[in-house]
Amino acid sequence: MEFEIIRKDVMGRIGKLKTTSGTIETPTILPVINPSLMTIEPAEMAKYGAEMLITNSYIIYRNDGLRKRAIDEGLHAMLNWNGPIMTDSGSYQLFEYGDVEVKNSEIIRFQEQIGTDIAVPLDLPTPPDVDFERAESDLKETLKRLEEARMISDIPMAGPVQGSTFLDLREESAAKVGKIGFEIYPIGGVVPLMEAYRYSDLVDIIASAKKFLPQNAPVHLFGAGHPMVFGLAVLLGCDMFDSAAYAIYAKKGRYLTRYKTCRVNELQYLPCSCPICSSYSLEDIKNNKTLLCEHNLYVTFEEMRLVKQSLKEGNLWELVERRCRSHPYLLSGLFRATKYARLMETYDPATKSTFFYLGETSARRPEVLRYSDRLNRFDLCGKVLIFAGKGKVKKCIDHIDGYDHIFLMKAPFGPYPIGLKETYPIGQSEAPKDMDPVAKTVALENVLRLIEANRDFDVEFIFVYDGDLWDHPLIEKIGRFATTTEY
Ligand SMILES: [Zn+2]
């Protein structure tokens, strides 16, 4: 199985995954097919945008009729779907009910026998917040089973990362699973976190795994099927998702949107133009779970396409900022993601499209961090003017020729040489005229960083600023190292 990355933005990527049953483009979402309870026929799934499906080999294995059909006809013929299919192993049942009646080796061989495109070993998904001993011993057992699975079969396989909410265990798990070597790396045991809107913890877990997983294979976020979370998860480098949510939510009368989950019975209007919402009435949808299911699928794939388009345009961060402002806990998740700006910076392309400042999380973007890191690269001498005023510098400053270097200011980046005015990111950044305190703080910290980087050289800094625009406590600190003039 090959995975070719064709586009990157922050830690997200668009990739081509070549399987035995065809090539798919990631990021993508795999609708979960319950083989004994199909609300929507698998063959219909392409209509919504599905390129690959996931089904549960354990359910098939346990049901005599299904098992016989799957062995005789093969999984693809049984589901009437020619594209790639991934099979889960019963780990979910193990997670939900604490026990399964199958061994790891049996379920691996069974998945191979029915012709899956990607098998999953019977790992132990550990819930969040268990005690460390439990998480550690589960992980040990999972790793043992993953090694066993690799010994038994050489079909393409997914190696799940476990470790509960212990980030050091997640890191260890990712490193060890990566060393064993799999075609796909799912991050497991996170559904309870998403159900509880614990997006900050989710971000920590994804980042911890990504730090240690091989970069040349897709990462699958197990059980993430709500469109609200796609952008944030793709931003952090997740490539695959699976959704039982479209059906589970429909069953409970829930109407998915990209911002939130609505109770369909409480809606007065249909806020969507998918083929279902534009051809049926709200009453029809309220009374028909299949229609609700279909709407949920349409909105799910629509969001994934939007995430991909943003990734391609290089403005995935902006999309995620807009999405994460739809719920305070998602916003917490984005704040937490900014903690990993240094990790993101190592992945993020050096140049891309317009940088839109959309609030204080923009001041913590990898591009801003990269700019701060590079402030020591300017070769300065003599008198340096940093002009933080309104209007053209030439009109505001007398004797402009008396300076050896002229820097202008742009929040959140801070000082930049006049010559870099047109280059990325300064030249392509747009920020509100009235800056928020965080943008000012980051920009002024960068003034101090520039001064500090030149402390050992014979450089004299003159900081001329507009007092209304740059009203900030850091101005006083700058005054200790530079001549400051308000005008
Ligand atoms: Zn709709």
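The following legends describe an overall view and several close-up views of a predicted model. Residues are numbered from 1 along each chain as its sequence is written, and side-chain values use heavy atoms, with hydrogens and water left out. In this predicted model, local features need pLDDT of at least 70 and side-chain atom pairs count only at pLDDT 80 or more, while totals for chains, interfaces and linings use all residues.

**Figure 1. Overall architecture and the two domains of the protein.** The C-alpha trace spans about 90 × 55 × 40 Å along its principal axes. The protein contains 22 helices and 18 strands; these are DSSP runs numbered from the N terminus, with helices being H or I of at least four residues and strands being E of at least two. Of the 487 residues, 56% are buried, where buried means under 20% relative accessible area, exposed over 50%, and partly exposed in between (1.4 Å probe, protein chains only). Among contacts with a separation of 6 or more, 66% are between residues 24 or more positions apart; a contact requires heavy atoms within 4.5 Å. Domain 1 covers residues 2-347 and domain 2 covers residues 366-486, with bounds taken from an automatic or database domain assignment. The domain centres, taken over C-alpha atoms, are separated by 45 Å. At the junction, 6 residues of domain 1 are in contact with 4 residues of domain 2.

**Figure 2. The zinc site formed by Cys272, Cys274, Cys277 and His295.** The ion is coordinated through the SG atoms of the three cysteines Cys272, Cys274 and Cys277 and through ND1 of His295, at 2.1 to 2.3 Å. Donors are N, O and S atoms within 2.8 Å of the metal (3.2 Å for Na, K and Ca); water is not among the atoms, so sites may look incomplete. The arrangement is tetrahedral because the 4 donor atoms subtend angles of 99 to 117 degrees around the zinc ion; four donors count as tetrahedral if all angles lie between 85 and 135 degrees. For four tetrahedral donors, the ideal angle at a metal is 109.5 degrees. Along the chain, the donors follow the spacing C-x1-C-x2-C-x17-H. Cys277 belongs to helix 13 (residues 275-279) and His295 to helix 15, so this pair ties together parts that are 18 residues apart in sequence. Cys277 is buried at 8% relative accessibility, and His295 is buried at 0%.

**Figure 3. The largest nonpolar core and the surroundings of Phe241.** A nonpolar core is a set of buried Ala, Val, Leu, Ile, Met, Phe, Trp, Tyr and Cys residues joined through side-chain atoms within 4.5 Å. The largest such core has 104 residues, and Met45, Leu221, Leu232, Phe241 and Met344 have the most contacts inside it. Helix 15 (residues 289-313) supplies the largest share of this core, 9 residues. When residues up to four places away in sequence are not counted, the residues touched by Phe241 include Pro27, Ile29, Leu30, Leu221, Phe230, Val234 and Met304. A second, separate core of 45 residues includes Phe355, Leu375, Leu408 and Leu448.

**Figure 4. Helix 7 and helix 10 with their buried residues.** Helix 7 (residues 132-152) has 21 residues and reaches 30 Å from its first C-alpha to its last, close to the 30 Å expected at 1.5 Å a residue; the expected span is 1.5 Å times one less than the number of residues. Among the buried residues of helix 7 are Ala135, Leu139, Leu143, Arg145 and Leu146. The elements that cover the buried residues of helix 7 include helix 5 (91-97), helix 6 (104-113) and helix 8 (167-180). The end C-alpha atoms of helix 10 (residues 199-212) are 20 Å apart, which agrees with the 20 Å expected for its 14 residues. Helix 10 is mostly covered, with 11 of its 14 residues buried, including Tyr199, Asp204 and Lys210.

**Figure 5. Backbone features in loops: cis peptide bonds and positive phi values.** Most residues other than glycine have a negative phi, and most peptide bonds are trans. A cis peptide bond, with omega about 0 degrees, joins Ala411 and Pro412; Pro412 lies in the loop between strand 14 (405-410) and strand 15 (414-417). Tyr424 and Pro425 are also joined by a cis peptide bond with omega about 0 degrees, and Pro425 lies in the loop between strand 15 and strand 16 (429-430). Val10, which is not a glycine, has a positive phi of about 50 degrees. Val10 is located in the loop between strand 1 (2-9) and strand 2 (12-19) and is buried, with a relative accessible area of 2%. His399 has a positive phi near 50 degrees and lies in the loop between helix 20 (393-396) and strand 14. At 70% relative accessibility, His399 is exposed.

Definitions and conventions
Four donors count as tetrahedral if all angles lie between 85 and 135 degrees; four count as square planar and six as octahedral if opposite donors are over 155 degrees apart and all others between 65 and 115; anything else is irregular.
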